[in-house]
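Please walk through this structure one element at a time, keeping the sequence beside the 3D view.

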Amino acid sequence: MLSKKFLVKSISTILFLGFLTSHVFSYDTDNVHPLINTAALKQSNNFLKSLSDFGFNQGIDSIANKKQIYKWFEDGAKQEDSPIIRANNHFHDPTKSWNNAGLDGYVVIPVSPYLYHVTGKSSILWAQDQSNVGFLLGGDWSWAKARSLYYEALTGKDKDIREQKFAYTFRALGQVMHLIADSSVPAHVRNDIHVFPLTIPGLGISVGRPTYESWAKSNYRNLTYTGISVNQSIFNEAVNLSLAKVPISALWDQNKYINNNPDITVGGSIGITEYTNANFFSEDTINSKNYPYPRIDGNTPVVGRTYTSVSGQVYTREYYLKKCCGETKGGEGYLLSAVDLLDYYRQKYPLLSFALPKIPVLDRNVYTDYASFLIPRAVGYSAGLLNYFFRGEMDMVEDPDYFNGYKVKNMSSEDMEGSFELYYDNNTGERKFITSWQGKILANSEGGLIEINSFPQDFPSGKEGECILVFRGKMGNEENAVVGKVPVHIKERIFIYLKSMYVS
């Protein structure tokens with residue numbers, strides 16, 4: 001039987017770890033993460049068009065399941081860190097194999113056994129498969145789950161349930177977008193467990209220090225949320241691995257940056273973890289032997305910037321400027337790190353320069369420069385994710401060889417192979433299946449034969465020809481893709497003809 005002392009100690013440890021880790025990971029979920037998601041919604045043309053197609057005519061302000069659509073994406077941004085143990089799976093180091101690219105480190109706490117080993121799955125793998133995640137760990141909100149919810153939203157019988165599934169689709173996508181945003185945080189791509197500044201309740205102990213994320217939380221109003229443009233061709237660069245089959249992996253990592261070629265990360269077509277890893281320091285990986293780039297050496301130029309110390313002293317602080325090897329802001333350069341806080345005393349008392357070596361650190365001026373690159377990339381790549389999810393386009397066209405036959409028109413730039421299903425809504429809003437066709441239709445082509453040999457008697461009057469076409473199958477290189485077209489207009493003469501079959 002467990003002793004009372006042991007139970008109290010165990011519970012105290014769990015509570016402490018929960019409090020500690022709530023300050024460890026990610027952009028803050030109250031402001032920065034939701035703002036990134038909302039900015040991405042506004043930038044995603046495919047998503048906005050889909051909302052209109054599905055009758056959400058107020059765009060992201062439209063109501064779905066009693067809440068504005070953008071709020072569901074905000075919920076996703078927040079809930080991906082709830083419970084906080086989910087955040088263990090928000091890391092990906094692109095210099096490692098994907099099986100080993102997740103979080104793997106130690107946290108020191110003032111509770112026995114004092115040293116805790118913390119591990120997690122790579123965020124690429126986490127984004128694609130959460131099939132074994134139970135309710136107590138927050139449940140499955142992966143890309144695969146979003147696809148499943150989307151299909152149910154398009155084909156479910158009950159109108160209210162369909163609307164709920166749409167809402168949950170948006171939340172699931174919001175949670176995957178959270179993972180992309182975390183990949184723009186240097187610590188999340190350099191295996192750096194980091195603790196925000198906090199005071200432990202009841203102990204009076206302060207741990208942690210300012211980080212890029214804690215700075216962003218305090219300055220979220222001043223960040224730029226205009227995303228960079230991500231071309232859909234980026235998904236052609238996806239690595240073909242059984243661990244993560246969906247081509248969205250290309251947004252994270254394309255296995256192109258291998259620790260010694262930072263110039264390949266320049267531009268908008270590289271994985272976001274590769275870009276962040278090669279060009280930005282985290283607090284504990286400055287000039288780390290594990291990460292050769294970026295680096296500060298004897299050739300790194302030094303510039304001065306105005307800085308105000310904690311005690312209010314205003315002086316010109318020295319900074320190392322990144323003008324080489326990867327991102328350089330078009331050759332202009334940006335602040336890579338500051339000289340440490342003792343720089344003020346070196347300048348005031350020159351003789352101290354011999355006794356106080358310069359140690360690079362990160363400060364708010366550095367974070368400001370970092371954020372000018374990293375936040376727009378988080379927004380743009382999140383918008384790219386949405387564009388990919390809603391990329392499919394199709395319609396139905398009359399087949400000249402069959403009076404009651406139609407072909408499916410694939411208006412996408414990718415082949416579609418799977419099930420093409422036709423539905424309608426009756427007068428009570430119940431969605432019903434009519435017929436389907438199985439097969440493959442090449443990109444920008446017509447194919448298949450959907451015959452409507454029996455007309456549904458409860459098809460709503462005045463809406464002849466309005467149906468719902470749903471595809472589920474392989475589109476391009478994505479398995480289990482889903483596309484919806486609402487409504488599909490079938491010529492009224494077909495319905496007049498078919499209705500006459502029921503007239504005695």
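Helix H3 (residues 45-53) has Phe47, Ser50 and Leu51 as its buried residues, where buried means under 20% relative accessible area, with a 1.4 Å probe and protein chains only. Helices here are DSSP runs of H or I with at least four residues, and strands are runs of E with at least two, numbered from the N terminus. Seen down the axis of H3, the buried residues fall within an arc of 105°, so they line one face of the helix; the arc is that of the directions from the helix axis to the C-beta atoms. The cover over these buried residues of H3 includes helix H2 (32-43), helix H4 (69-79), helix H7 (159-182) and H12, contact meaning heavy atoms within 4.5 Å. After H3 comes glycine 55, which has a positive phi, near 90°.

This is a predicted model, in which local features need pLDDT of at least 70 and side-chain atom pairs count only at pLDDT 80 or more, while totals for chains, interfaces and linings use all residues. Residues are numbered from 1 along each chain as its sequence is written, and side-chain values use heavy atoms, with hydrogens and water left out.

H12, already met in the cover over H3, spans residues 364-389 and lies across S7, S8 and S9, running at about 155° to S9. Axes are lines fitted to C-alpha atoms, for helices over the stretch in contact, and angles run from 0 to 180 degrees between N-to-C directions. Beneath this description is an open sheet of four strands in the order S7-S8-S9-S10, paired in the antiparallel sense; two strands pair if DSSP finds at least two bridges between them. Its edge strands, each pairing on one side only, are strand S7 (302-308) and strand S10 (360-361). Within the sheet, strand S8 (residues 314-322) and strand S9 (residues 334-339) are antiparallel and pair over four bridges, and leucine 321 stands opposite leucine 335 in S9.

H12 also packs with helix H10 (residues 272-279), at an angle of about 170° and with the axes 11 Å apart. H10 and H12 are therefore roughly antiparallel to each other, a term used for angles over 145 degrees. Ile272, Tyr275 and Thr276 of H10 meet Phe373, Leu374, Arg377, Ala378 and Tyr381 of H12.

A further open sheet has three strands in the order S11-S12-S15, with antiparallel pairing. Strand S11 (394-398) and strand S15 (445-451) are its edge strands, and the twist averages 35° from one strand to the next.

Note on methods
Parallel < 35°, antiparallel > 145°, perpendicular 65-115°, else oblique. Buried < 20%, exposed > 50% of the residue type's maximum accessible area, 1.4 Å probe, protein only.
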